[in-house]
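Colleague: Could you take me through the charged side chains of this model, one pair at a time, with the cut-offs stated as you go?

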Amino acid sequence: MRLRGSLLVWLDREMEWLAAPSGRPGRNETYSDSAIQFCLSIKVLFGLALRQTIGMVESLLKMAGLADWPVPDYSTLCRRQKTVTIQIPFRRSDGNLNLLVDSTGVKIRGDGEWQVRKHGLGRRRQWRKVHLAMDTATGDIRAVEFTPSREGDSPVLLDLLAQIPADQAIGTVTADGAYDTRKCHAAIAERGATAVIPIRKNGRPWKEDCAAAKARNEILRASRYFGRAFWKRLTGYHARSRVEAQMRRLKSFGERIASRDPNRQTAETHTRIALMNRFSALGRAEIVRVS
């Protein structure tokens, strides 16, 4: 328990801190995307403002003996946060990729829950949705989408699957009943995967004019024959609770997104996902079924 409170920061001296020449007209960028992502990671990890982040990065570089490395100023860091491409590390699992898909809401404006209960609603609260696709084997987030709150869950599944490399086979895609649509089943069948999606309670058989409709009707017949509860146990549907736990980890960095611009909000969300995958790679509990 004491070791969990220790602080150790690794700094790779071979990291490209300064940007390489782009070869395009105009002034070249001073700092690489890796340097900007490092600063944003410190910001998200410790819940700091931009100027506080700059001060902490300066102190970390000084303690690491890298005081000659320049640190981005406030304007540079704020501007680059809008355009930087966050690299999300992940471990590629052996065999077919089994995905768990879910979404959650993240607050961007408004009062906290305690303040609302204590003093009432002061201003309108606004939310955005984070859609995640998690690898069952490694526990890493393989795909993420950040959309407005009015966006539904099922249309985003196509974008999540598009983030998976075409050369990696997908075994199963597990999601809740909100993804029981023709487009979702067609996208899953196109990748050669098996959909583990419960049929809605008022669901009816589809016209079997494609492979996706036939697979969906098989799920409907099986759930009616065995019952929904037994079908979920039989197909391993309850493993979807693991991606729900990832939502709690995502919100452990803060109950709201600090940025106001949509592009900066996306960068902040991707930085959280990158940190979550890094933590999973450093140490992850082994789950063993005992009964």
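Modeller: A salt bridge here is a side-chain nitrogen of Lys or Arg within 4 Å of a carboxyl oxygen of Asp or Glu. This is a predicted model, in which local features need pLDDT of at least 70 and side-chain atom pairs count only at pLDDT 80 or more, while totals for chains, interfaces and linings use all residues. Residues are numbered from 1 along each chain as its sequence is written, and side-chain values use heavy atoms, with hydrogens and water left out.

Colleague: How far apart are the closest N and O atoms in the salt bridge of Asp167 with Arg92?

Modeller: Asp167 sits in the loop between helix H5 (157-162) and S4, and Arg92 in the loop between H3 and strand S1 (97-109), with the two positions 75 residues apart in the chain; helices (H or I, at least four residues) and strands (E, at least two) are DSSP runs, numbered from the N terminus. For this pair, Asp167 with Arg92, the closest N and O atoms are apart by 3.8 Å.

Colleague: Is Asp167 buried or exposed?

Modeller: The classes rest on relative accessible area, with buried meaning under 20%, exposed over 50% and partly exposed in between (1.4 Å probe, protein chains only). Asp167 has 61% relative accessibility, so its class is exposed.

Colleague: Which residue meets Arg80 in a salt bridge?

Modeller: Arg80 has a relative accessibility of 4% and therefore counts as buried. Its partner, at 34% relative accessible area, is the partly exposed Asp33. The N to O distance is 2.8 Å, and the residue that meets Arg80 is Asp33.

Colleague: Which residues are joined with Asp102 into one network by salt bridges that share partners?

Modeller: Arg240 forms a salt bridge with Asp102 at 3.3 Å between the closest N and O atoms, and the pair links the loop between helix H8 (228-235) and helix H9 (241-251) with strand S1, 138 residues apart. Arg240 is buried at 12%, and Asp102 is buried as well, at 8%. Through shared partners, the residues joined with Asp102 are Asp176, Arg240 and Glu244.

Colleague: Which residue's backbone nitrogen does the side chain of Asp180 reach?

Modeller: Asp180 lies in the loop between strand S4 (170-174) and helix H6 (182-190), and at 6% relative accessibility this residue counts as buried. At 3.5 Å, the side chain of Asp180 reaches the backbone nitrogen of Arg200.

Colleague: How many salt bridges does the structure hold?

Modeller: Side chains of opposite charge can pair when their charged atoms come close. The pair of Arg80 and Asp33 is a salt bridge, and the number that the structure holds is 12.

Terms used
A polar contact is a pair of N or O atoms within 3.5 Å; within protein, one must be able to donate a hydrogen and the other to accept it, and residues adjacent in sequence count only if both atoms are side-chain atoms.
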